[in-house]
Amino acid sequence: MRSKVVEWVVGLFVIAGLASLVVLAFKVSGFSHYSSSDYYPVVAEFDNIGGLKPRAKVSVSGVVIGRVESIILDPRSYQAKATLLLNKRYRIPLDSEASIFTEGILGSNYISIAPGYDANNLSPGSVIEKTHSAMILENLIGQLVYSFKSDKSDETKTDAVKQ
Amino acid sequence: MLGTVRKIGASSIDFAERIGQSTLFFIRSVLQLPDFRHVFSLLAQQIYNVGVLSLVIILLSGLFIGMVVALQGYHTLVQFAAEQQLGQLIALSVVRELGPVVTALLFAGRAGSSLTAELGLMRATEQISAMQMMAVDPISRVVSPRLWAGIISLPILTILFNLIAIYGGFLVGVKWLGVDGGSFWTNMQGSVNFQVDILNGIIKSAVFAVVITWIAVYQGYYSPPNSAGISMSTTKTVVYSSLMILGLDFVLTALMMGGW
């Protein structure tokens, strides 16, 4: 009879292990497959994505409405082409603007969408035309230093600062 | 001088022989499972010995390790006003590194040593020879179930360790130190990736399981048949497996981080 008890305990042990894996998957990694029925893909092309990564959040007014699915380089325009998955509950006007922001000073990058006024909405596969690149800290500092210098020496003309 | 050269040669040949012997032993043990009628009850008994009886030490250690990581992490992060990131600090360090490695080290001490001592005593009291006399293959009857039980148990123990360590971190971080519970979990979920972090940790622990139980059953099966021999083999099991775990951990991490 001992063998039966042992088998029961081992069965419980294995089941507990599998159950914990499921809990780890859903509770800790937030593992959820985006089924195509709940989300629709939208494409946005940026000049520079900075530190944006796949799975970064996409928000409107700070509310998360989707995730970045993938980021590839467009071979013709040499722009970064980000595919976003947006929740079907939210309809976003066609002329909305997408910008890349940073959470806090040291946080990760995310995409914020500022809704436009068009009567038509983004449909699966459509492209967000107006985009703003990520702020690159080095470029900003470079611009700052450059403008300080030109102020001090009071040079006659400075080149247009390239963004 | 020439004597030294001869000694080096002898120990090299010895070493090569033991590598070959242990490899053949491992292949035979993995393949020669007992026949279908006995395999499940033998395996269940060994998983009970190796896995279920290790649960208490693994779970307690997991709880305390999660708690101490939370405490240490909080006091560092709070200096940068970044204590909201505590959840991801705990989850990533536990799931990637601490879970597989600490569980494997404890498993080597708790289960590996007992496997070696058991098999060594079987060898010393000639139970293994007695089995061969009765035409029972000791490898398929005794060694193979123990090897497979170890390989099955350690990944499960690692998963349980991960879970309880994260819960321990939650207890200290959220319930005691007052980190916001919502940002604790969302930051964790935002940064932990199922395939990259959790699955790779489990792959690591499966590799450790193979290595630990292999060393344990090999050292036990071929241990010198006397009390000094058994104690030496048991020590060797713990020392070799701990070294292998830490060394392999580095190699596996390097492979996984390097876009495997």
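**Notes on chain B: helix packing and a pocket**

1. Reading along the sequence, chain B runs α-α-α-α-α-α-α-α-α. That is nine helices and zero strands. Keep in mind that this is a predicted model. The C-alpha trace of chain B spans about 70 × 55 × 35 Å along its principal axes.

2. Start with helix H3 (residues 55-77) and helix H6 (residues 138-176) of chain B. Their axes come within 7 Å and cross at roughly 40°. H3(B) and H6(B) therefore count as oblique to each other, and their crossing is right-handed.

3. Who touches whom here? On the H3(B) side you'll find B:Leu55, B:Ile58, B:Leu59, B:Ser61, B:Gly62, B:Leu63, B:Ile65, B:Gly66, B:Met67, B:Ala70 and B:Leu71. They meet residues of H6(B) including B:Phe161, B:Gly168, B:Gly169, B:Gly173 and B:Trp176. By class, the contact of H3(B) with H6(B) has 15 nonpolar, six polar and no charged residues.

4. H6(B) also packs against helix H4 (residues 86-124) of chain B, at an angle of about 145° and with the axes 7 Å apart. H4(B) passes H6(B) in a right-handed crossing. The residues of this contact divide into 19 nonpolar, eight polar and two charged.

5. H3(B) and H4(B) pair up as well: their axes come within 10 Å and cross at roughly 145°. Once again the crossing is right-handed. From H3(B) the contact takes in B:Ile57, B:Ile58, B:Ser61, B:Ile65, B:Val69, B:Ala70, B:Gly73, B:Tyr74 and B:Leu77. Among the H4(B) residues on the other side are B:Leu86, B:Ser93, B:Thr103, B:Leu106 and B:Arg110. The class count for H3(B) with H4(B) is 13 nonpolar, four polar and one charged.

6. A few H3(B) residues turn up on both lists. B:Ile58, B:Ser61, B:Ile65 and B:Ala70 meet H6(B), and these residues of H3(B) also take part in the contact with H4(B).

7. Now the second largest pocket, which holds about 440 Å³ of space. Which residues are closest to its centre? Of the 14 that line the pocket, they are B:Ile19, B:Ser22, B:Ile215, B:Gln219 and B:Tyr240. Helix H1 (2-31), helix H8 (194-221) and helix H9 (227-257) of chain B are the elements that give two or more residues to the lining.

8. As for the character of that lining, it has nine nonpolar, three polar and two charged residues. If you're looking at the pocket in the viewer, B:Ser22 and B:Gln219 are among the residues closest to the centre.

Methods
Residues numbered from 1 in each chain as written. Chains lettered and ligands numbered in written order. Predicted model: local features only at pLDDT ≥ 70, side-chain atom pairs only at ≥ 80, totals over all residues. Heavy atoms only, no water. 1 Å grid on protein atoms, 1.4 Å probe; cavity = no way out; pocket = protein on both sides within 12 Å on 5 of 7 lines; lining within 4 Å. Points joined across faces, edges and corners; volume = space filled by probe spheres on them. Helix = DSSP H or I, 4+ residues; strand = E, 2+ residues; numbered from the N terminus. Nonpolar A, V, L, I, M, F, W, Y, C, P; charged D, E, K, R; others polar. Axes fitted to C-alpha atoms, helices over the stretch in contact; angles between N-to-C directions. Parallel < 35°, antiparallel > 145°, perpendicular 65-115°, else oblique. Left-handed = near helix turned anticlockwise from the far one by under 90°. Contact = heavy atoms within 4.5 Å.
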